Amino acid sequence: MSGYVPPKPTLAMRLEYAALRVASTLVRPLGFFGASRVGAMIGALGWRPLRIRADRVERAVRACFPEFSDARVREVAKGSYASMGRMAMEIIYLSKATGESVLDKFVEPEGWELIERQKASGKGVLLVAAHFGNWELSGAYVAARTGQIEGIAMHMANPYSDAFLKRTRERLGTTVTFDEDAVRRIPRVLRDGNIVALVSDQGAKGLAATYANFFGRPARTPRGAAVFALRNGPPLLFFAAVRQPDARYKIIVREVPIANTGDRERDVDQTVQNYTDVIEQFVREYPEQYFWQHRRWKRQPPDTPPHLREP
């Protein structure tokens with residue numbers, strides 16, 4: 001049994017959850033794409049006029065893309081806020097939907113045969129994702145196509161919102177395993193030939209992690225996906241739901257190289273770097289769809305040179 005104890009709810013948590021439920025009701029008449037457009041407009045307000053973390057976001061974009069003009073930096077920053085708003089409203093809209101309803105929100109996938117081939121082998125499928133595009137919908141799509149997926153998640157600070165998101169994920173076909181139970185449960189899920197997905201680009205305190213270079217700066221990065229891949233044997237696949245010009249999504253799947261020199265610690269670190277490199281490739285191609293608002297370089301080695309510290 002998990003030793004997790006949820007925090008005692010506060011008034012602010014109750015009000016936040018009430019707002020979430022109201023939003024869930026109000027977006028229903030808009031349809032998925034209408035809710036997405038409204039989310040983009042609301043999200044863009046976070047950039048201007050509200051300026052919520054806007055300076056930090058612009059600094060991060062500028063540090064990662066020094067070749068960008070100031071106008072392009074602002075464009076990417078604004079786009080990332082709109083993307084965040086879209087994702088939030090899309091998930092709220094789908095909170096009362098079924099997994100099958102997700103499929104018509106997607107165009108034909110790219111690299112899907114990698115998942116099908118591994119699933120047919122019966123040896124389990126290990127997927128790694130990032131805070132990019134609509135990472136919640138990516139899991140729902142895989143669940144709708146395959147009939148099963150197990151997602152590893154961290155608890156949210158608000159227990160009401162945490163339960164809401166868990167219910168939404170499970171309604172859309174994802175079985176949720178929280179991180180405190182993952183080490184015990186996930187190897188069994190993989191041995192049974194099932195699909196496991198992890199979001200692995202946020203070095204939260206308490207998670208087993210290593211330092212990987214992301215856009216040339218060291219960033220604390222979860223190592224669970226690499227550990228499971230090396231211990232349990234399945235290939236590691238990166239997947240993302242990339243937003244298309246018509247507001248639908250496209251699932252793109254890429255194989256991640258797994259280091260296998262026999263030095264387990266070194267192999268884990270290199271594999272973490274390998275999937276971090278794949279994430280960086282996606283962010284370079286679609287910078288507006290990355291979640292720049294989270295502090296990717298918040299936790300770094302103490303000896304990090306000043307010019308490589310968090311922007």
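A salt bridge is taken here as a side-chain nitrogen of Lys or Arg within 4 Å of a carboxyl oxygen of Asp or Glu. By this criterion, a search of the whole structure, which is a predicted model, returns 19 salt bridges. One of these pairs Glu288 with Arg72 through their side chains, at an N to O distance of 2.5 Å. Glu288 belongs to the segment after helix 10 (264-285) and Arg72 to helix 4 (residues 70-93), so this contact ties together parts of the chain that are 216 residues apart in sequence. Glu288 counts as partly exposed, at 23% relative accessibility, and Arg72 is likewise assigned as partly exposed, at 23%.

A further salt bridge is formed by the side chains of Arg169 and Glu136, with an N to O distance of 2.6 Å. This pair links distant parts of the chain, since Arg169 lies in helix 7 (residues 159-171) and Glu136 in helix 6 (residues 135-146), 33 residues apart. Glu136 is buried, its relative accessible area of 13% falling under the 20% limit. In the salt bridge between Asp246 and Arg248, the closest N and O atoms are 2.8 Å apart. Both residues of this pair are partly exposed, Asp246 at 41% relative accessibility and Arg248 at 30%. In addition, Arg51, Asp55 and Glu58 are joined into one network by salt bridges that share partners.

Strand pairing was examined around strand 4 (residues 195-199). This strand is mostly covered, with four of its five residues buried. Strand 1 (residues 125-129) runs parallel to strand 4 and is joined to it by five bridges; in this pairing Ala129 stands opposite Val199 of strand 4. Strand 2 (residues 149-153) also runs parallel to strand 4, and three bridges connect the two. Here Ile152 is the residue that stands opposite Leu198 of strand 4.

Helix 8 (residues 179-191) was considered next. Its 13 residues, at 1.5 Å a residue, should span 18 Å, and the end C-alpha atoms are 19 Å apart, which agrees with that expectation. The helix nevertheless contains a kink of about 50° at Arg185, shortly before the proline Pro187. Pro187 is itself among the buried residues of helix 8, which also include Asp181, Ala182, Ile186, Val189 and Leu190. The cover over these buried residues includes strand 1, strand 2, strand 3 (174-178), strand 4 and helix 9 (224-232). Strand 4 thus appears both as a partner of strand 1 and as part of the cover of helix 8. After helix 8 comes Gly193, which has a positive phi, near 85°.

Gly46 is placed in helix 2 (residues 31-47). With a relative accessible area of 9%, Gly46 is buried. When its neighbours within four places in sequence are left aside, Gly46 is in contact with Arg51, Ile52 and Tyr81. Of these contacts, Arg51 also takes part in the salt-bridge network with Asp55 and Glu58. By contrast, the C-alpha atoms of Gly46 and Leu126, which are 80 residues apart along the chain, are separated by 35 Å.

How values were computed. Residues numbered from 1 in each chain as written. Predicted model: local features only at pLDDT ≥ 70, side-chain atom pairs only at ≥ 80, totals over all residues. Heavy atoms only, no water. Buried < 20%, exposed > 50% of the residue type's maximum accessible area, 1.4 Å probe, protein only. Pairing = 2+ DSSP bridges. Expected span 1.5 Å × (residues − 1). Bend = angle between axes of the 7 residues up to and from the residue. Contact = heavy atoms within 4.5 Å.
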